[in-house]
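Open the model in your viewer and keep the selection panel at hand. The tour visits the ligand, then a pocket.

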Amino acid sequence: MALPAGLDFWVNKSDWKRHRFEEAPVPGIGDGQVLFRVDRFALTANNISYALTGEALGYWRFFPAPEGWGRLPVMGFGDVIASGHPDVEVGTRCFGFYPMSRYLRIEPGAAGPGGISDAAPHRAGLAPVYCQYQPTDGDALYRSEHEDALMLLRGLFLTSFLADDFVADSGFGEEAVLISSASSKTSIALAYLVSASARARAVGLTSARNLEFVRGLGCYDAVETYERIDSLDAAAPSVYVDMAGNADVRRRVHRHFGERLKHSCIIGATHWDRTEGNGRGLPGPSPAFFFAPAQIQKRSSDWGPAELQRRLAQAWSGFRAFSEGWLQVRRGSGREAVRRVYEDALFGRTEPAHGHILSL
Ligand SMILES: NC(=O)c1ccc[n+]([C@@H]2O[C@H](COP(=O)([O-])OP(=O)(O)OC[C@H]3O[C@@H](n4cnc5c(N)ncnc54)[C@H](OP(=O)(O)O)[C@@H]3O)[C@@H](O)[C@H]2O)c1
(Lines give C-alpha, C1' and ligand atoms only; values in the text may rest on other atoms or scores of the structure.)
Protein backbone atom coordinates (compact mmCIF):
# COMPACT_ATOMS: atom_id res chain seq x y z
CA MET A 1 0.00 0.00 0.00
CA ALA A 2 1.36 3.45 -0.93
CA LEU A 3 2.26 5.62 2.05
CA PRO A 4 0.66 9.05 2.37
CA ALA A 5 3.00 12.03 1.85
CA GLY A 6 4.70 13.55 4.87
CA LEU A 7 2.79 16.23 6.77
CA ASP A 8 4.14 18.45 9.56
CA PHE A 9 2.50 20.99 11.88
CA TRP A 10 4.71 24.05 12.37
CA VAL A 11 4.31 26.75 15.03
CA ASN A 12 5.81 30.21 14.65
CA LYS A 13 8.29 30.52 17.51
CA SER A 14 7.64 34.19 18.16
CA ASP A 15 3.85 34.09 17.72
CA TRP A 16 2.28 30.74 18.56
CA LYS A 17 -1.06 31.89 17.17
CA ARG A 18 0.55 31.52 13.75
CA HIS A 19 0.90 27.95 12.57
CA ARG A 20 0.78 26.02 9.34
CA PHE A 21 0.88 22.56 7.83
CA GLU A 22 3.66 21.65 5.46
CA GLU A 23 3.67 18.67 3.12
CA ALA A 24 6.90 16.80 2.39
CA PRO A 25 7.98 13.56 0.71
CA VAL A 26 8.04 10.44 2.89
CA PRO A 27 11.51 10.60 4.54
CA GLY A 28 14.04 8.08 3.25
CA ILE A 29 16.42 6.30 5.59
CA GLY A 30 20.14 5.65 5.48
CA ASP A 31 22.32 3.18 7.36
CA GLY A 32 21.53 3.12 11.06
CA GLN A 33 18.36 5.23 10.70
CA VAL A 34 14.81 4.27 11.60
CA LEU A 35 11.51 5.63 10.29
CA PHE A 36 8.37 5.82 12.43
CA ARG A 37 4.85 6.31 11.17
CA VAL A 38 3.41 8.46 13.97
CA ASP A 39 0.18 6.70 14.85
CA ARG A 40 -1.56 8.81 17.53
CA PHE A 41 -0.62 11.49 20.03
CA ALA A 42 -2.12 13.50 22.91
CA LEU A 43 -2.27 17.29 22.96
CA THR A 44 -2.79 19.23 26.23
CA ALA A 45 -1.74 22.56 27.77
CA ASN A 46 1.55 20.92 28.72
CA ASN A 47 2.57 20.83 25.05
CA ILE A 48 1.78 24.54 24.73
CA SER A 49 4.17 25.21 27.62
CA TYR A 50 6.94 23.58 25.54
CA ALA A 51 6.69 26.63 23.26
CA LEU A 52 7.14 28.93 26.27
CA THR A 53 10.30 27.17 27.41
CA GLY A 54 11.31 25.91 23.96
CA GLU A 55 14.56 27.88 23.78
CA ALA A 56 15.52 27.62 27.46
CA LEU A 57 14.85 23.89 27.92
CA GLY A 58 15.55 22.70 24.38
CA TYR A 59 12.06 21.61 23.26
CA TRP A 60 12.49 23.28 19.86
CA ARG A 61 15.56 21.11 19.28
CA PHE A 62 13.68 17.80 19.37
CA PHE A 63 12.57 18.08 15.74
CA PRO A 64 14.24 20.40 13.23
CA ALA A 65 12.22 23.04 11.37
CA PRO A 66 13.08 26.02 9.15
CA GLU A 67 14.32 29.26 10.77
CA GLY A 68 11.65 30.97 12.86
CA TRP A 69 9.40 27.88 13.04
CA GLY A 70 9.23 24.97 15.47
CA ARG A 71 7.60 21.56 15.86
CA LEU A 72 6.11 20.97 19.30
CA PRO A 73 6.82 17.60 20.95
CA VAL A 74 3.78 15.52 21.90
CA MET A 75 3.56 12.13 23.62
CA GLY A 76 2.32 9.34 21.47
CA PHE A 77 2.78 5.97 19.83
CA GLY A 78 4.56 5.31 16.55
CA ASP A 79 5.34 2.17 14.55
CA VAL A 80 8.67 1.44 12.88
CA ILE A 81 7.95 1.18 9.14
CA ALA A 82 11.56 1.09 7.89
CA SER A 83 14.78 0.26 9.67
CA GLY A 84 18.43 0.51 8.72
CA HIS A 85 19.45 -0.32 12.28
CA PRO A 86 20.43 -3.92 13.13
CA ASP A 87 18.68 -3.88 16.53
CA VAL A 88 15.39 -2.25 15.54
CA GLU A 89 12.78 -4.36 13.77
CA VAL A 90 10.09 -3.13 11.44
CA GLY A 91 6.77 -3.34 13.29
CA THR A 92 8.18 -2.24 16.66
CA ARG A 93 5.64 0.01 18.39
CA CYS A 94 7.09 2.68 20.66
CA PHE A 95 5.90 5.24 23.19
CA GLY A 96 7.79 8.53 23.24
CA PHE A 97 8.01 12.14 22.09
CA TYR A 98 6.90 12.61 18.50
CA PRO A 99 6.30 15.72 16.43
CA MET A 100 2.76 16.54 15.28
CA SER A 101 3.62 14.91 11.98
CA ARG A 102 3.00 11.77 9.94
CA TYR A 103 6.60 10.54 10.12
CA LEU A 104 9.63 10.76 12.35
CA ARG A 105 13.10 9.65 11.32
CA ILE A 106 15.58 8.96 14.11
CA GLU A 107 19.20 7.82 14.33
CA PRO A 108 19.31 5.34 17.20
CA GLY A 109 22.43 5.02 19.27
CA ALA A 110 21.65 2.33 21.81
CA ALA A 111 18.61 0.19 20.96
CA GLY A 112 16.99 -2.72 22.77
CA PRO A 113 13.77 -3.80 24.47
CA GLY A 114 14.54 -1.33 27.28
CA GLY A 115 14.54 1.62 24.90
CA ILE A 116 15.67 3.09 21.60
CA SER A 117 17.52 6.35 21.98
CA ASP A 118 17.67 8.99 19.23
CA ALA A 119 21.30 10.06 18.93
CA ALA A 120 20.73 12.51 16.04
CA PRO A 121 23.11 15.50 16.30
CA HIS A 122 20.29 18.06 16.73
CA ARG A 123 19.28 16.29 19.95
CA ALA A 124 22.75 16.23 21.51
CA GLY A 125 22.78 17.46 25.09
CA LEU A 126 19.05 16.91 25.76
CA ALA A 127 18.08 14.89 28.85
CA PRO A 128 18.16 11.15 27.93
CA VAL A 129 14.46 10.78 28.80
CA TYR A 130 13.63 13.30 26.02
CA CYS A 131 15.31 11.14 23.38
CA GLN A 132 13.93 7.77 24.42
CA TYR A 133 11.47 5.58 22.42
CA GLN A 134 10.08 2.80 24.55
CA PRO A 135 9.06 -0.42 22.71
CA THR A 136 5.72 -1.58 24.07
CA ASP A 137 7.11 -5.13 24.55
CA GLY A 138 9.64 -3.98 27.15
CA ASP A 139 7.37 -1.47 28.92
CA ALA A 140 6.15 -2.44 32.40
CA LEU A 141 3.30 0.14 32.29
CA TYR A 142 2.05 -0.80 28.81
CA ARG A 143 -1.38 -2.32 28.25
CA SER A 144 -2.87 -1.95 24.78
CA GLU A 145 -6.24 -0.98 26.29
CA HIS A 146 -4.55 1.83 28.25
CA GLU A 147 -2.82 3.51 25.30
CA ASP A 148 -5.00 6.64 25.46
CA ALA A 149 -4.35 7.10 29.19
CA LEU A 150 -0.63 6.53 28.67
CA MET A 151 -0.44 9.22 25.97
CA LEU A 152 -2.58 11.70 27.90
CA LEU A 153 -1.45 11.18 31.47
CA ARG A 154 1.79 9.24 31.83
CA GLY A 155 4.26 12.14 31.49
CA LEU A 156 2.09 14.49 33.55
CA PHE A 157 1.63 11.86 36.24
CA LEU A 158 5.37 11.28 36.50
CA THR A 159 5.91 14.99 37.22
CA SER A 160 3.18 15.02 39.86
CA PHE A 161 4.46 11.81 41.45
CA LEU A 162 7.91 13.38 41.80
CA ALA A 163 6.54 16.74 42.99
CA ASP A 164 4.38 15.03 45.62
CA ASP A 165 7.37 12.98 46.73
CA PHE A 166 9.56 16.10 46.87
CA VAL A 167 7.05 17.96 49.08
CA ALA A 168 6.50 14.93 51.33
CA ASP A 169 10.26 14.41 51.61
CA SER A 170 11.16 18.02 52.38
CA GLY A 171 9.68 18.32 55.86
CA PHE A 172 7.81 21.57 55.21
CA GLY A 173 5.23 20.59 57.85
CA GLU A 174 2.38 21.61 55.57
CA GLU A 175 -1.24 20.95 56.45
CA ALA A 176 -2.43 21.96 52.99
CA VAL A 177 -1.04 21.76 49.46
CA LEU A 178 -2.50 24.58 47.33
CA ILE A 179 -2.59 23.71 43.64
CA SER A 180 -3.36 26.23 40.88
CA SER A 181 -4.92 25.31 37.53
CA ALA A 182 -6.66 22.65 39.58
CA SER A 183 -8.58 21.47 36.51
CA SER A 184 -5.40 20.52 34.63
CA LYS A 185 -4.50 16.86 34.36
CA THR A 186 -1.14 17.43 36.06
CA SER A 187 -2.86 19.14 39.01
CA ILE A 188 -5.52 16.43 39.25
CA ALA A 189 -2.73 13.84 39.47
CA LEU A 190 -1.03 15.81 42.24
CA ALA A 191 -4.27 16.28 44.19
CA TYR A 192 -4.98 12.56 43.83
CA LEU A 193 -1.55 11.69 45.28
CA VAL A 194 -1.75 14.24 48.12
CA SER A 195 -5.22 13.13 49.19
CA ALA A 196 -4.33 9.42 48.80
CA SER A 197 -1.40 9.91 51.18
CA ALA A 198 -3.69 11.71 53.68
CA ARG A 199 -0.73 13.70 55.02
CA ALA A 200 -2.16 17.09 54.00
CA ARG A 201 -5.30 18.59 52.46
CA ALA A 202 -5.32 19.09 48.71
CA VAL A 203 -6.74 22.56 48.00
CA GLY A 204 -7.45 23.51 44.40
CA LEU A 205 -7.55 26.95 42.78
CA THR A 206 -9.28 27.22 39.44
CA SER A 207 -11.25 29.53 37.17
CA ALA A 208 -15.00 30.00 37.60
CA ARG A 209 -15.76 28.07 34.39
CA ASN A 210 -14.00 24.96 35.71
CA LEU A 211 -15.08 25.13 39.37
CA GLU A 212 -17.93 22.65 39.13
CA PHE A 213 -15.82 20.10 37.26
CA VAL A 214 -12.99 20.30 39.82
CA ARG A 215 -15.35 20.05 42.81
CA GLY A 216 -16.90 16.94 41.26
CA LEU A 217 -13.59 15.10 40.93
CA GLY A 218 -13.38 14.05 44.58
CA CYS A 219 -9.59 14.28 44.85
CA TYR A 220 -9.53 17.82 46.30
CA ASP A 221 -10.51 18.48 49.91
CA ALA A 222 -11.49 22.04 48.99
CA VAL A 223 -11.66 24.08 45.77
CA GLU A 224 -11.96 27.84 45.27
CA THR A 225 -11.83 30.19 42.31
CA TYR A 226 -8.88 32.54 41.79
CA GLU A 227 -11.13 35.41 42.86
CA ARG A 228 -11.67 33.83 46.31
CA ILE A 229 -8.06 33.24 47.41
CA ASP A 230 -8.76 35.50 50.41
CA SER A 231 -11.32 32.99 51.71
CA LEU A 232 -8.72 30.18 52.14
CA ASP A 233 -7.62 29.20 55.66
CA ALA A 234 -4.43 31.26 56.05
CA ALA A 235 -3.70 29.87 59.52
CA ALA A 236 -2.73 26.45 58.13
CA PRO A 237 0.94 25.99 57.18
CA SER A 238 0.76 25.47 53.43
CA VAL A 239 2.79 24.71 50.31
CA TYR A 240 1.87 26.34 46.99
CA VAL A 241 2.35 24.28 43.83
CA ASP A 242 1.89 26.61 40.90
CA MET A 243 0.67 24.98 37.71
CA ALA A 244 -0.86 28.21 36.30
CA GLY A 245 2.22 30.46 36.37
CA ASN A 246 -0.15 33.42 36.77
CA ALA A 247 1.85 36.26 38.41
CA ASP A 248 -1.22 37.92 39.93
CA VAL A 249 -2.50 34.66 41.46
CA ARG A 250 0.95 33.92 42.88
CA ARG A 251 1.19 37.40 44.42
CA ARG A 252 -2.23 37.05 46.06
CA VAL A 253 -1.41 33.56 47.43
CA HIS A 254 1.86 34.86 48.93
CA ARG A 255 0.19 37.93 50.42
CA HIS A 256 -2.67 35.92 51.91
CA PHE A 257 -0.50 33.21 53.50
CA GLY A 258 2.66 35.24 54.24
CA GLU A 259 4.99 33.35 56.58
CA ARG A 260 2.50 30.45 56.78
CA LEU A 261 3.54 29.58 53.25
CA LYS A 262 6.33 27.06 53.75
CA HIS A 263 7.31 26.56 50.12
CA SER A 264 6.30 27.98 46.76
CA CYS A 265 6.96 25.68 43.87
CA ILE A 266 6.66 26.57 40.15
CA ILE A 267 5.81 23.69 37.84
CA GLY A 268 3.61 24.97 35.02
CA ALA A 269 2.40 27.99 33.11
CA THR A 270 -1.06 27.17 31.78
CA HIS A 271 -1.86 30.92 32.03
CA TRP A 272 1.10 31.55 29.69
CA ASP A 273 -0.09 35.05 28.78
CA ARG A 274 -0.17 36.21 32.44
CA THR A 275 3.26 35.12 33.66
CA GLU A 276 4.88 38.59 33.57
CA GLY A 277 6.42 39.69 36.87
CA ASN A 278 9.00 37.89 38.94
CA GLY A 279 8.57 36.64 42.47
CA ARG A 280 10.94 39.14 44.12
CA GLY A 281 9.62 41.05 47.09
CA LEU A 282 6.75 38.67 47.76
CA PRO A 283 5.97 37.79 51.38
CA GLY A 284 6.93 34.22 52.33
CA PRO A 285 9.44 31.95 50.56
CA SER A 286 10.93 32.82 47.17
CA PRO A 287 9.19 30.87 44.40
CA ALA A 288 11.43 28.01 43.24
CA PHE A 289 11.28 26.00 40.02
CA PHE A 290 10.65 22.29 40.55
CA PHE A 291 13.14 20.23 38.58
CA ALA A 292 11.74 16.72 38.16
CA PRO A 293 14.99 15.08 36.90
CA ALA A 294 16.75 16.05 40.16
CA GLN A 295 14.08 14.23 42.20
CA ILE A 296 14.34 11.16 39.92
CA GLN A 297 18.08 11.16 40.49
CA LYS A 298 17.68 11.54 44.26
CA ARG A 299 15.16 8.70 44.55
CA SER A 300 17.11 6.44 42.18
CA SER A 301 19.99 6.78 44.55
CA ASP A 302 17.89 6.55 47.79
CA TRP A 303 15.73 3.62 46.71
CA GLY A 304 17.47 2.17 43.66
CA PRO A 305 15.98 2.44 40.14
CA ALA A 306 13.96 -0.80 40.46
CA GLU A 307 12.20 0.31 43.66
CA LEU A 308 11.49 3.74 42.15
CA GLN A 309 9.90 2.04 39.12
CA ARG A 310 7.89 -0.28 41.38
CA ARG A 311 6.47 2.63 43.41
CA LEU A 312 5.75 4.59 40.26
CA ALA A 313 3.97 1.66 38.63
CA GLN A 314 1.85 1.09 41.73
CA ALA A 315 0.85 4.76 41.98
CA TRP A 316 0.19 4.94 38.21
CA SER A 317 -2.13 1.98 38.37
CA GLY A 318 -4.26 3.71 41.02
CA PHE A 319 -4.36 7.03 39.19
CA ARG A 320 -5.16 5.47 35.82
CA ALA A 321 -8.10 3.66 37.37
CA PHE A 322 -9.21 6.93 39.02
CA SER A 323 -9.05 8.70 35.64
CA GLU A 324 -11.76 6.41 34.28
CA GLY A 325 -14.23 8.31 36.45
CA TRP A 326 -13.68 11.70 34.78
CA LEU A 327 -11.47 11.53 31.67
CA GLN A 328 -13.38 11.56 28.39
CA VAL A 329 -11.21 10.70 25.42
CA ARG A 330 -11.93 12.72 22.27
CA ARG A 331 -10.43 11.47 19.02
CA GLY A 332 -9.65 13.54 15.98
CA SER A 333 -7.76 13.03 12.80
CA GLY A 334 -6.47 15.25 10.00
CA ARG A 335 -5.45 18.89 9.66
CA GLU A 336 -8.68 20.50 10.81
CA ALA A 337 -8.87 18.43 14.02
CA VAL A 338 -5.23 19.16 14.90
CA ARG A 339 -5.64 22.88 14.19
CA ARG A 340 -8.81 23.13 16.30
CA VAL A 341 -7.41 21.23 19.31
CA TYR A 342 -4.13 23.20 19.16
CA GLU A 343 -5.98 26.53 19.18
CA ASP A 344 -8.35 25.42 21.94
CA ALA A 345 -5.38 24.32 24.08
CA LEU A 346 -3.53 27.59 23.35
CA PHE A 347 -6.46 29.81 24.30
CA GLY A 348 -7.63 27.71 27.26
CA ARG A 349 -10.93 26.68 25.62
CA THR A 350 -10.53 22.91 26.13
CA GLU A 351 -13.09 21.22 28.38
CA PRO A 352 -11.06 19.95 31.35
CA ALA A 353 -12.70 16.52 31.25
CA HIS A 354 -11.64 16.03 27.64
CA GLY A 355 -8.42 14.29 26.65
CA HIS A 356 -7.62 14.83 22.97
CA ILE A 357 -5.99 12.06 20.97
CA LEU A 358 -5.03 13.07 17.44
CA SER A 359 -3.50 11.67 14.29
CA LEU A 360 -2.43 13.02 10.91
N1 LIG B 1 7.73 21.16 34.54
C2 LIG B 1 7.31 19.96 34.20
O3 LIG B 1 8.07 19.02 34.20
C4 LIG B 1 5.87 19.74 33.85
C5 LIG B 1 5.41 18.47 33.54
C6 LIG B 1 4.05 18.27 33.28
C7 LIG B 1 3.20 19.37 33.28
N8 LIG B 1 3.70 20.60 33.55
C9 LIG B 1 2.82 21.79 33.49
O10 LIG B 1 1.54 21.53 33.99
C11 LIG B 1 0.62 22.42 33.36
C12 LIG B 1 -0.67 21.66 33.09
O13 LIG B 1 -0.53 20.86 31.93
P14 LIG B 1 -1.71 19.82 31.54
O15 LIG B 1 -1.31 19.23 30.25
O16 LIG B 1 -1.98 18.96 32.71
O17 LIG B 1 -2.93 20.82 31.28
P18 LIG B 1 -4.43 20.52 30.81
O19 LIG B 1 -4.93 19.26 31.40
O20 LIG B 1 -4.54 20.71 29.35
O21 LIG B 1 -5.11 21.73 31.60
C22 LIG B 1 -5.88 22.71 31.06
C23 LIG B 1 -6.20 23.74 32.17
O24 LIG B 1 -5.20 24.73 32.20
C25 LIG B 1 -5.81 26.04 32.33
N26 LIG B 1 -5.56 26.72 31.07
C27 LIG B 1 -5.07 26.16 29.94
N28 LIG B 1 -4.86 27.08 28.99
C29 LIG B 1 -5.22 28.25 29.51
C30 LIG B 1 -5.22 29.58 29.00
N31 LIG B 1 -4.82 29.89 27.78
N32 LIG B 1 -5.69 30.53 29.82
C33 LIG B 1 -6.09 30.23 31.07
N34 LIG B 1 -6.08 28.98 31.59
C35 LIG B 1 -5.65 28.01 30.81
C36 LIG B 1 -7.24 25.78 32.69
O37 LIG B 1 -7.23 25.49 34.09
P38 LIG B 1 -7.77 26.45 35.28
O39 LIG B 1 -9.04 27.05 34.80
O40 LIG B 1 -7.97 25.45 36.39
O41 LIG B 1 -6.68 27.45 35.56
C42 LIG B 1 -7.48 24.49 31.91
O43 LIG B 1 -8.57 23.75 32.38
C44 LIG B 1 1.32 22.97 32.12
O45 LIG B 1 1.58 24.36 32.25
C46 LIG B 1 2.61 22.21 32.07
O47 LIG B 1 3.70 23.01 31.66
C48 LIG B 1 5.01 20.81 33.82
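How many residues surround the ligand, and which are the closest? Select the ligand and expand to residues with a heavy atom within 4 Å of it: 28 residues surround the ligand, with Thr44, Ser49, Thr206, Ser207 and Tyr226 the closest. This is a predicted model, in which local features need pLDDT of at least 70 and side-chain atom pairs pLDDT 80 or more, while totals for chains, interfaces and linings use all residues. Residues are numbered from 1 along each chain as its sequence is written, and side-chain values use heavy atoms, leaving out hydrogens and water.

Next, show the polar contacts (pairs of N or O atoms within 3.5 Å). Select Ser183: an N or O atom of its side chain is 2.6 Å from an oxygen atom of the ligand. At His271, a side-chain N or O atom is 2.9 Å from a ligand oxygen. At Leu346, a polar backbone atom is 3.0 Å from a ligand nitrogen. On its own the ligand has 940 Å² of accessible area (Shrake-Rupley, 1.4 Å probe), and the protein covers 88% of that area.

Now colour by helix (DSSP runs of H or I, at least four residues). Two or more shell residues each come from α1 (45-52), α3 (147-170), α4 (185-197) and α9 (335-346); α1 gives the most, three residues. Colour by domain, with bounds from an automatic or database assignment: domain 1 (6-142 + 328-359) and domain 2 (155-294) both give residues to the shell, so the ligand lies between them.

Last, go to the second largest pocket (an open set of points on a 1 Å grid over the protein atoms alone, where a 1.4 Å probe fits, with protein on both sides within 12 Å along at least five of seven lines; lining residues have an atom within 4 Å of a point). Select Pro27, Arg71, Tyr103, Leu104 and Arg105, which lie nearest its centre among 20 lining residues. β7 (103-106) supplies the largest share of the lining, four residues.

Note on methods. A polar contact is a pair of N or O atoms within 3.5 Å; within protein, one must be able to donate a hydrogen and the other to accept it, and residues adjacent in sequence count only if both atoms are side-chain atoms.
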